[in-house]
Amino acid sequence: MEYAIEAQYLSKTYGEGRTRVEVLKDVSLAVRPGELFAIMGPSGSGKTTLLTILGLVTEPTHGRVILDEENIYNGRRPDLQCLRREKLGFIFQLANLIPFLTARENILLPLELIGITGKEARSRATELLKYLEVADRADHHPEQLSGGEKQRVAIARALANEPKVILADEPTASLDTERGLSVMRLLRKLSNEKRTAILVVTHDTRMITEVDQVIHLQDGRIVDTG
Ligand SMILES: Nc1ncnc2c1ncn2[C@@H]1O[C@H](COP(=O)(O)OP(=O)(O)OP(=O)(O)O)[C@@H](O)[C@H]1O
Ligand SMILES: [Mg+2]
């Protein structure tokens, strides 16, 4: 398999007439398994929109997304919710853990949604908590965790379904530099060891030290990839 995810000639327009906004214009990119890309650009340049289109949450106005060799917006409409649950992992700026569930239960939830329960689910959750070095916090609720720990649990949750692609929208923005860098190192390790394709939006140039490629967006266009 060559690419885990591809975007071809994506455009997105909101509204019409005087309120029409062209948010993305002719954006194409392709990420191989094991690659880590950063997406940068000023506020309003379309980064989140691009990520939500790649995440099959927002439909593009034109263009296509090819996820794990499946062409999504091309005639026949696959079950997007099912694809999201099985092939994608999401990480947000705030960990967005479910407050009344423990760390472990937060990880079990996406597994339950794809029908993995019982012993297998529990052992996968335990393994992920260990992998992210929060095993000793398994039975804590989110309010009992530090910001960095919450984000590690959120990463464990995003990994639970063994996704082909992880989409992260400013996952380091609410952390200090050191914790932010440790999240970036973790994403690097994941892409290397689990061959996950990872796209991470960040504002912070200090966070882009270990990525394979930086995609710069400006006014909805890719202006530079380096
Ligand atoms: N549902 C919507 N309807 C209309 N306009 C929208 C909608 N969603 C986003 N936009 C506009 O699209 C542009 C890009 O938004 P987007 O959230 O993708 O930017 P961003 O690069 O993620 O910015 P930030 O760095 O501030 O998070 C913005 O000008 C925004 O106002
Ligand atoms: Mg954004």
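Let's start with helices H3 and H4, whose crossing is right-handed. This is a predicted model, by the way, so please hear everything that follows in that light. The H3 helix covers residues 103-113 and H4 covers residues 118-131, and their axes come within 9 Å, crossing at roughly 125 degrees. Angles from 115 to 145 degrees fall in the oblique class, and H3 and H4 are therefore oblique to each other.

Who makes that contact? On the H3 side we have Ala103, Arg104, Ile107, Leu108, Leu111 and Glu112, and from H4 come Ala121, Arg124, Ala125, Leu128 and Leu129. If you sort the residues of this H3 and H4 contact by class, you get eight nonpolar, three charged and no polar ones.

Now keep H3 in view and turn to H5. The axes of H3 and H5 come within 8 Å and cross at roughly 25 degrees. With angles under 35 degrees counted as roughly parallel, H3 and H5 are therefore roughly parallel to each other. Their crossing is right-handed. From H3, the contact uses Ala103, Asn106, Ile107 and Pro110, while H5 brings Val153, Ala156 and Arg157. By class, the H3 and H5 contact has five nonpolar residues, one polar and one charged. You may have noticed two familiar names: Ala103 and Ile107 are in the list for the H4 contact and in the list for the H5 contact.

From H5 we can step on to H6. Helix H5 spans residues 147-159, and the axes of H5 and H6 come within 10 Å with a crossing of roughly 20 degrees. That makes H5 roughly parallel to H6. Here, too, the crossing is right-handed. On H5, look at Gly147, Gly148, Gln151, Ile155 and Leu159; they meet Arg179, Val183, Leu186 and Leu190 on H6. The H5 and H6 contact divides into five nonpolar residues, three polar and one charged.

On to the sheets. In what order do the strands of the six-stranded sheet come? The order is S6-S7-S8-S3-S9-S10, in an open sheet with mixed pairing. At the edges stand S6, residues 88-91, and S10, residues 221-225; each has a single partner strand, so one side of each is left without a neighbour in the sheet. From one strand to the next, the twist averages 20 degrees.

Within that sheet, I'd like to show you S3 and S8. Strand S3, residues 36-40, and strand S8, residues 197-201, run parallel and are joined by four bridges. For Ile39, the bridge partner in S8 is Val201. And H6, which we just met, packs on this sheet: H6 covers residues 177-194 and touches S3, S7 and S8, with its direction at about 160 degrees to that of S8.

The other sheet has four strands. It is also open, in the order S2-S1-S4-S5, and the pairing is antiparallel. S2 and S5 are the edge strands, and each pairs on one side only. Helix H1 packs on this sheet, touching S1, S2 and S4, and its direction makes about 125 degrees with that of S1.

Let's walk across that sheet. S1 and S4 pair in the antiparallel sense over five bridges, with Gln8 opposite Arg64 in S4. S4, residues 62-67, then pairs with S5 over two bridges, again antiparallel. Ile66 stands opposite Asn71, and Leu67 has Glu70 as its bridge partner. S4 and S5 form a hairpin with two residues between them, and in the turn Asp68 has a positive phi of about 50 degrees.

Last stop, and perhaps the one you've been waiting for: the ligand. Which residues are around ligand 1? Going along the chain, they are Tyr14, Gly15, Val21, Val23, Gly41, Ser43, Gly44, Ser45, Gly46, Lys47, Thr48 and Thr49. Sorted by class, this shell has eight polar residues, three nonpolar and one charged. Two elements, strand S2 (21-31) and helix H1 (47-54), each supply at least two residues of the shell. Which element gives the most? That is H1, with three residues. So H1 is a nice place to finish, since we have seen this helix packing on the four-stranded sheet and contributing to the shell around ligand 1.

Thanks, everyone, and I'm happy to go back to any part.

Notes
Residues numbered from 1 in each chain as written. Chains lettered and ligands numbered in written order. Predicted model: local features only at pLDDT ≥ 70, side-chain atom pairs only at ≥ 80, totals over all residues. Near = placed C-beta within 6 Å. Nonpolar A, V, L, I, M, F, W, Y, C, P; charged D, E, K, R; others polar. Axes fitted to C-alpha atoms, helices over the stretch in contact; angles between N-to-C directions. Parallel < 35°, antiparallel > 145°, perpendicular 65-115°, else oblique. Left-handed = near helix turned anticlockwise from the far one by under 90°. Contact = placed C-beta atoms within 7 Å. Pairing = 2+ DSSP bridges.
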